[in-house]
Amino acid sequence: MSLDVDITARAGAFRVEAAFRVAAGEVLAVLGPNGAGKSTLFAAIAGHRPHVSGTIALNGAEIGASVPPERRRIGLLGQRAMLFPHLSALENVAFGPRAQGVPAAEARRRALEHLDEVGLRDLARHRPAELSGGQQQRVALARALAAEPLALLLDEPFASLDAETGTQARRLVARLREHLAIPIVLVTHDPLDAVMLATRTVVVDDGRIVQQGATAEVLGHPRSRFAAAIAGVNLVAGVGRPAGAPTTDPRDVDAEPGALVTEDGLRLIGRGDRLRGGETGSAVFSPASVRILPVGDDASDAASSAAGVNSWRGTVSIMEAVAGGIRVFTAEHPQLAADCPSGAAATLGIRPGAIFVFRIDPADVSVRRDLDVPV
């Protein structure tokens with residue numbers, strides 16, 4: 001069973017365009033900022049959104065725009081469980097099969113099986129008010145599964161759960177992914193969800209897909225500010241410096257051809273692609289991989305003299321607390337973050353207005369050519 005989507009959906013004046021395919025037993029993660037169109041996309045696939053053009057198909061069989069949600073065989077689970085408060089967990093789960101015309105006894109038998117799948121068979125007689133938030137979400141998942149969907153849409157299902165319950169829920173979805181062997185699409189703001197569950201990831205922004213591919217590639221070298229932010233990396237765009245290019249900047253005299261040069265003069269080389277002269281591309285590196293060196297230190301002097309490649313002098317402008325240390329931003333390159341352990345920061349005397357040399361090893365920089373979207 002596969003889910004194929006190639007649609008345009010509208011919510012007022014806002015338009016969402018998306019095309020992707022999810023194979024049986026695969027989880028596709030969908031990332032995007034608030035207002036990017038993720039909920040509109042899900043509503044259109046599930047049949048809750050009118051004004052949809054294009055095609056949605058399950059295993060090659062197209063689902064017409066007029067097919068109502070209950071006949072699409074596409075399950076939908078959101079952030080809130082949305083259980084019927086007056087019904088027990090068992091009756092909530094049996095509701096879907098009953099709505100499909102399944103006899104009551106058979107519907108309850110299926111409901112018990114699915115409650116067993118999510119580890120809640122012993123709480124079948126409890127009403128939602130008697131369950132924890134995590135238990136309610138598991139009941140909601142069992143209810144979605146009881147309708148025997150051919151594809152499953154998960155809209156930030158772990159967002160309202162605490163860390164421990166969220167981890168348990170992710171493990172449950174991972175088990176169900178293998179057991180159900182149906183296409184699963186997961187909307188999330190948490191890169192952990194994509195890393196743990198999804199083989200591929202799509203990034204949506206302003207109603208369109210701006211990047212898609214293997215999760216390791218999308219999070220390892222994001223192509224949008226949003227994806228870079230959730231992946232916790234620095235992202236810069238630039239053009240390749242041609243070999244032998246005339247220059248009046250003394251830092252360029254010995255600079256390596258193929259270095260990525262940003263608008264504010266940063267020069268970077270790294271693993272991945274070497275850019276041809278004038279070729280657009282992007283570079284990605286972790287704030288934790290940036291070394292902060294005092295001016296006048298032998299290592300910093302060597303870095304500063306290396307034609308400005310993978311190093312820069314900066315004046316500390318902003319300091320933020322991060323786990324185990326501080327995050328530093330400079331006035332010269334305000335979009336770049338550098339992390340420093342607390343002890344090292346104290347030794348270096350990092351403070352606003354202080355000047356340091358920042359250096360990044362080429363092995364810690366990912367460079368890709370052909371930047372498809374503005375960053």
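This is a short tour of a predicted model, with a suggestion at each stop of what to select next.

**Stop 1: strand 8 and its neighbours**

Start by selecting residues 184-187, which make up strand 8. Both of its faces are covered: I184 and L186 are buried on one side, V185 and V187 on the other. Now add residues 27-31, strand 3, which runs parallel to strand 8 and is joined to it by four bridges. Within this pair, look for L28 opposite V185. Next, bring in strand 7, residues 151-155, also parallel to strand 8 and joined to it by four bridges. Here D155 stands opposite V187. To follow the chain from strand 7 to strand 8, show helix 5 (residues 163-180); the β-α-β crossover through this helix is right-handed.

**Stop 2: the nonpolar cores**

Select L115, V139, L141 and L152, the residues with the most contacts inside the largest nonpolar core, which has 43 residues. Colour helix 4 (residues 133-146) too, since it gives the most to this core, with seven residues. Then centre on L141: beyond its neighbours within four places in sequence, its contacts are L77, V118, L152, L172 and L176. Another core lies apart from this one; it has 26 residues, including I7, V16, F42 and A46.

**Stop 3: an open sheet**

Move on to a five-stranded open sheet with antiparallel pairing, in the order 16-20-17-18-19. Its edges are strand 16 (290-294) and strand 19 (338-341), each of which pairs on one side only. Neighbouring strands in this sheet are turned by 50 degrees against each other on average, direction ignored. Select residues 355-360 for strand 20, which pairs with strand 16 over five bridges. In that pairing, L293 stands opposite V357.

**Stop 4: salt bridges**

The whole structure holds 15 salt bridges. Show the side chains of R110 and E148, which form one of them at 3.7 Å, N to O. R110 sits in helix 3 and E148 in the loop between helix 4 and strand 7, so this pair ties together parts that are 38 residues apart in sequence. R110 is buried, at 17% relative accessible area, while E148 is partly exposed, at 38%.

Next, pick R170 and D190, whose closest N and O atoms are 3.2 Å apart. This salt bridge links helix 5 to the loop between strand 8 and helix 6. R170 is buried, with a relative accessible area of 8%.

Finish back at the sheet with D339 and R327, a salt bridge with its closest N and O atoms 2.7 Å apart. D339 is in strand 19 and R327 in strand 18, twelve residues apart.

Key
Residues are numbered from 1 along each chain as its sequence is written. This is a predicted model: local features need pLDDT of at least 70, side-chain atom pairs count only at pLDDT 80 or more; totals for chains, interfaces and linings use all residues. Side-chain values use heavy atoms; hydrogens and water are left out. Buried means under 20% relative accessible area, exposed over 50%, partly exposed in between (1.4 Å probe, protein chains only). Helices (H or I, at least four residues) and strands (E, at least two) are DSSP runs, numbered from the N terminus. Two strands pair if DSSP finds at least two bridges between them. A crossover is right-handed if, with the strands pointing away from the viewer, the path from the first strand over the helix to the second runs clockwise. A nonpolar core is a set of buried Ala, Val, Leu, Ile, Met, Phe, Trp, Tyr and Cys residues joined through side-chain atoms within 4.5 Å. Contact means heavy atoms within 4.5 Å. Axes are lines fitted to C-alpha atoms, for helices over the stretch in contact, and angles run from 0 to 180 degrees between N-to-C directions. A salt bridge is a side-chain nitrogen of Lys or Arg within 4 Å of a carboxyl oxygen of Asp or Glu.
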